[in-house]
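These are my notebook entries on a set of look-ups. I kept each entry short.

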Amino acid sequence: MNPLSRGAAGDTDKVLIERWKAGDSRAATELVSRHADSLARFATSAGEREEIEELVQDTFVRAFGSLDAFRGESSLRTWLFTIERRLMLDRRRAERRQHSLVPIEASEAATEYNALDGMVAQETAIQVRRAVGALSPMQREVFTLRVEQGLSYKEIAEILETTAGAARVHYHNAVRAVKEFLND
Amino acid sequence: MTECVSVEMRDALPDLIHGSLSAARAAEVDAHVASCANCAVELDLLRSVMASAPRVPSLDIGRIVAAVPSPARRGFRLHQGGARPAQPQRPQAVWSRPLVRVAATIAVVTAGGLSLLVGRDALNPEQQARPAAITVAAGEQQAVEVPLSPIPAGSSVAPGQQSARPVASAAGLSLVGEVQDLSDEHLATLLSEMDRLNPIPGVEPETVTPAISDSDTSGMSQ
């Protein structure tokens, strides 16, 4: 985790939001520092390769622009993931319209991780990423949010606009699929 | 590959990795993993996934923060008792001003009244008193007078007097009033007369069979 991700006083997100609304600009810095890396990691795991920082920035701009609509029923992190996911979907739809791109199939997604060869040293890690990349989009999102982000099924359900039960089923199916991919 | 039958324990593995379990729960899961080979394998797999997570580019936090709207721009009123969302400052719309509203109402009412007066005056008084009429012969029994536009006033059309282009001649028969102004009887008569008209002349010439008498054919047989 980024060393700057915790505020000096260890304020909760809710406190930081109130401080920001009261005019404390440092609260915004603390909130961004706290969640930016997670958002970037989620975007990368979801298959985004370009303009990750722009995506994260757009997520925060949209979130801060509508903080009065944030009722605090879910965590700020869950809300940020939800916003970022919608931005990613919008971005993909726009790319598809511009280039008439066919949605990336699972088998093609698996080969995308060839580009990670320089980033991931171990062959095992490459195989794991290929296995994750071979999952269906929904399975991949659930799996990465659960394993890499440590979110609960309830939080995942809020982000993916599904139910906690469905998220749980997708997770276990994803684990089974990754195991089978690695054993083949 | 076999899986542990305890889905509850398998569900807790990601939380164990992230350290989000209570101490007691973490000890319980740890004890299970120590005695369950399948969960131990799955836990290793999840750790591998965590370790192989794609690296994220370094982010410029300052740049992101600079793009974030400030509380003042968002319309949050600053006060010591905490922040409350204030109404966004919008330029007052022209139509929201009371004087403009009154003036607009007067203008609409005046324009509406004038248009009604002008429309009524434009009607021909004679037409109002007695609309132009066309007499349509309804069979041989009677003629029906139907209010129509001034063009063919007083003219009459009988079924036997159809022109070669009845459609063209009928094009001038525009009604002054609405169709609903006609009575049912008039409408029925008008429709029946229209049915008798043949608007599209037949393109095929009628077959002409000359009458030949026996005397004409007697010479041919010879």
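The entries below move from conventions to the interface, the core, helix pairs and single residues.

**Conventions.** I worked on a predicted model, in which local features need pLDDT of at least 70 and side-chain atom pairs count only at pLDDT 80 or more, while totals for chains, interfaces and linings use all residues. Residues are numbered from 1 along each chain as its sequence is written, and chains are lettered from A and ligands numbered from 1 in the order in which they are written.

**Interface.** I looked up the contact between the chains, taking two residues as in contact if their C-beta atoms, placed from the backbone, lie within 7 Å. Chain A contributes 42 residues and chain B 34 residues. On the side of chain A that touches chain B, I found two or more residues from each of α1 (13-21), α2 (25-45), α3 (52-65), α6 (123-133), α7 (137-147) and α9 (164-183) of chain A. Helices here are DSSP runs of H or I with at least four residues, strands are runs of E with at least two, and both are numbered from the N terminus. The most residues on that side, 11, come from α2(A). I then sorted the side of chain A by class and obtained 21 nonpolar, 11 polar and 10 charged residues. In this scheme Ala, Val, Leu, Ile, Met, Phe, Trp, Tyr, Cys and Pro count as nonpolar, Asp, Glu, Lys and Arg as charged, and the others, Gly among them, as polar.

**Core.** I next searched for nonpolar cores, that is, sets of buried Ala, Val, Leu, Ile, Met, Phe, Trp, Tyr and Cys residues joined through C-beta atoms within 7 Å. A residue is buried if 20 or more other C-beta atoms, placed from the backbone, lie within 10 Å of its own. The largest core has 52 residues, and A:A28, A:V32 and B:I64 have the most contacts inside it. Its largest share, 9 residues, is from α2(A). Leaving aside neighbours within four places in sequence, I listed A:W20, A:F64, B:V65 and B:V68 as the contacts of A:A28.

**Helix pair in chain A.** I recorded that the axes of α6(A) and α9(A) come within 9 Å and cross at roughly 130 degrees; axes are lines fitted to C-alpha atoms, for helices over the stretch in contact, and angles run from 0 to 180 degrees between N-to-C directions. In this pair A:Q127, A:A131 and A:V132 of α6(A) meet A:V178, A:F181 and A:L182 of α9(A). That contact divides into 5 nonpolar residues, 1 polar and no charged.

**Helix pair in chain B.** I found α1 (residues 7-18) and α2 (residues 23-35) of chain B packed at about 115 degrees, with axes 10 Å apart. B:M9, B:A12 and B:L16 in α1(B) meet B:A26, B:V29 and B:H32 in α2(B). The residues of this contact are 5 nonpolar, 1 polar and no charged.

**B:L43.** I located B:L43 in helix α3 (residues 37-51) of chain B. B:L43 counts as buried because 20 C-beta neighbours lie inside 10 Å. Apart from neighbours within four places in sequence, B:L43 is in contact with B:L13 and B:V33. The C-alpha atoms of B:L43 and B:V33 are 8.1 Å apart, the two residues being 10 apart along the chain.

**Chain B overall.** I noted 10 helices and 5 strands in chain B. Buried residues are 13% of its 222 residues.

**Helix α8 of chain A.** In α8 (residues 153-160) of chain A, I marked A:Y153, A:E155, A:I156, A:E158 and A:I159 as buried. After α8(A) comes A:E161, with a positive phi near 55 degrees.

Note on methods
A residue is buried if 20 or more other C-beta atoms lie within 10 Å of its own, exposed if 12 or fewer, and partly exposed in between; C-beta atoms are placed from the backbone.
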